[in-house]
Amino acid sequence: MLRSLKLALLGATVAVGPLAAQRIKLPVKLPQLEDRVHKDSNDAAAHYNVALGYLAANRYDDAERALRTAVTIEPQLAAAWLALGRMPFARSDRLWEEIHDGRVSDSVRNTLRDADRLYRRAFLIDPLVELRIEAAVRPPKSVYWTATDALSRIYDYVFGGFEDIEAGRYEAAYNRLNRLIDDAPTKVEREGMANFVYYYRGLAAAHIYRWDDAIRDFSFLFERMSRHQNPDSLTYYIPMETNQYRYMLAVLKHRAGTLEEAVQLYREALENDVGLYMAHVRLAEIAEMHRNWDQAIVERRNAANANPDDPSLLLDLGKTYAGAGRLAEAEETLRQAMDASPRDSRVPYYLGVVAQLLQKRDDARAAFTRFLALAPSRYDRQIADAKQRLASLQ
């Protein structure tokens with residue numbers, strides 16, 4: 001029984017499954033999305049989905065409120081952070097032209113700086129975040145046609161690649177962008193292409209698990225940025241800095257299974273930015289993979305300390321304590337997470353499992369009861385499990 005409960009604790013997941021935007025065309029109408037939010041007010045995905053509906057209806061203030069509610073409930077919902085990072089471009093049809101023509105006011109520049117930070121946070125949380133939201137904010141073709149002839153020619157070819165990415169056709173996007181680069185007549189021309197060509201080819205490659213190809217492109221971008229070379233005219237489109245490329249390269253090597261190189265890059269990224277909390281999260285994942293629980297706990301603590309505004313990091317720390325068999329510390333940490341994030345239904349679920357392991361029947365009943373009161377209807381598997389556990393505690 002004890003072993004089965006531990007396995008349930010470690011294996012149970014409460015995944016967020018937001019819809020993806022393709023030109024903000026959604027499979028259901030806005031009133032249905034609003035009904036879902038009213039029914040499941042603690043569902044981060046429901047708030048994200050209704051935000052897409054508001055974007056489609058040009059209700060930008062409502063969209064932004066819904067997105068911020070989503071990340072309040074689930075701070076690691078990367079898609080919502082990406083959408084928030086693109087909000088200024090969704091709000092203004094002329095913003096790209098203003099950027100290109102150098103007509104951005106100081107106030108708008110500050111807004112864009114904040115948006116860049118949110119964009120980077122999305123890719124910090126998940127470098128493989130769904131990219132279809134980019135369809136809502138892609139620069140108009142006119143911006144590129146007014147640039148240099150070479151950049152205009154590149155964009156004419158890459159336009160289809162963008163459309164493939166925005167539609168979730170990552171393999172088609174990879175093939176198109178790969179042909180664009182390979183067809184360049186000289187090495188100088190290939191390596192002189194704008195960052196966004198390599199950036200999106202690398203992301204497309206990662207989304208179809210072509211890790212070596214993705215690593216190649218992000219290694220190239222990291223080296224280019226390390227040399228302070230950036231041939232892009234639209235730096236706002238990919239607001240990444242050198243250390244972010246280092247971190248993303250580490251994640252790709254992590255996914256590819258080259259763990260020693262990934263660990264080295266994560267450590268280097270942290271040396272350059274002590275606030276890069278997700279690098280600690282990734283290091284904890286590697287430690288857990290090797291069942292090095294002490295090291296995993298250290299990294300989880302470091303992540304929570306580096307970003308105290310994200311209570312989901314306390315949830316992760318509590319789960320790791322439980323995996324290590326340190327149930328009393330798991331219980332204490334999960335209670336802290338529940339106080340910090342009262343709308344996150346995942347926390348009382350895991351707290352109930354830990355309390356049950358500790359044979360604290362009353363506490364387990366209270367936690368599972370709270371979970372059932374909060375849990376979105378999508379969590380049907382966890383709801384069924386919690387009900388079974390409650391029945392066994394009677």
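Biologist: Which residues of α18 are met by Trp 293, Ala 296, Ile 297, Arg 300, Arg 301, Ala 303 and Ala 304 in α17?

Modeller: This is a predicted model, in which local features need pLDDT of at least 70, side-chain atom pairs count only at pLDDT 80 or more, and totals for chains, interfaces and linings use all residues. Residues are numbered from 1 along each chain as its sequence is written, and side-chain values use heavy atoms, leaving out hydrogens and water. With contact meaning heavy atoms within 4.5 Å, the partners in α18 are Leu 313, Leu 314, Asp 316, Leu 317, Thr 320, Tyr 321 and Gly 323.

Biologist: How many residues of this contact are nonpolar?

Modeller: Three residues of the contact of α17 with α18 are charged and two are polar. Nonpolar (Ala, Val, Leu, Ile, Met, Phe, Trp, Tyr, Cys and Pro) applies to nine.

Biologist: Are α17 and α18 roughly parallel or antiparallel?

Modeller: The axes (lines fitted to C-alpha atoms over the stretch in contact) of α17, residues 293-306, and α18, residues 312-323, come within 9 Å. They cross at roughly 165°. Angles over 145 degrees count as roughly antiparallel, so α17 and α18 are roughly antiparallel.

Biologist: At what angle do α2 and α3 pack?

Modeller: Helix α2 covers residues 30-39 and helix α3 residues 44-56, with axes 9 Å apart. In their contact, Leu 30, Leu 33, Glu 34, Arg 36 and Val 37 in α2 meet α3 residues including Ala 46 and Tyr 54. The packing angle is about 155°.

Biologist: How many of the 394 residues count as buried?

Modeller: Buried means under 20% relative accessible area with a 1.4 Å probe, protein chains only. For the protein chain, the share is 55%.

Note on methods:
Buried < 20%, exposed > 50% of the residue type's maximum accessible area, 1.4 Å probe, protein only. Axes fitted to C-alpha atoms, helices over the stretch in contact; angles between N-to-C directions. Helix = DSSP H or I, 4+ residues; strand = E, 2+ residues; numbered from the N terminus. Parallel < 35°, antiparallel > 145°, perpendicular 65-115°, else oblique.
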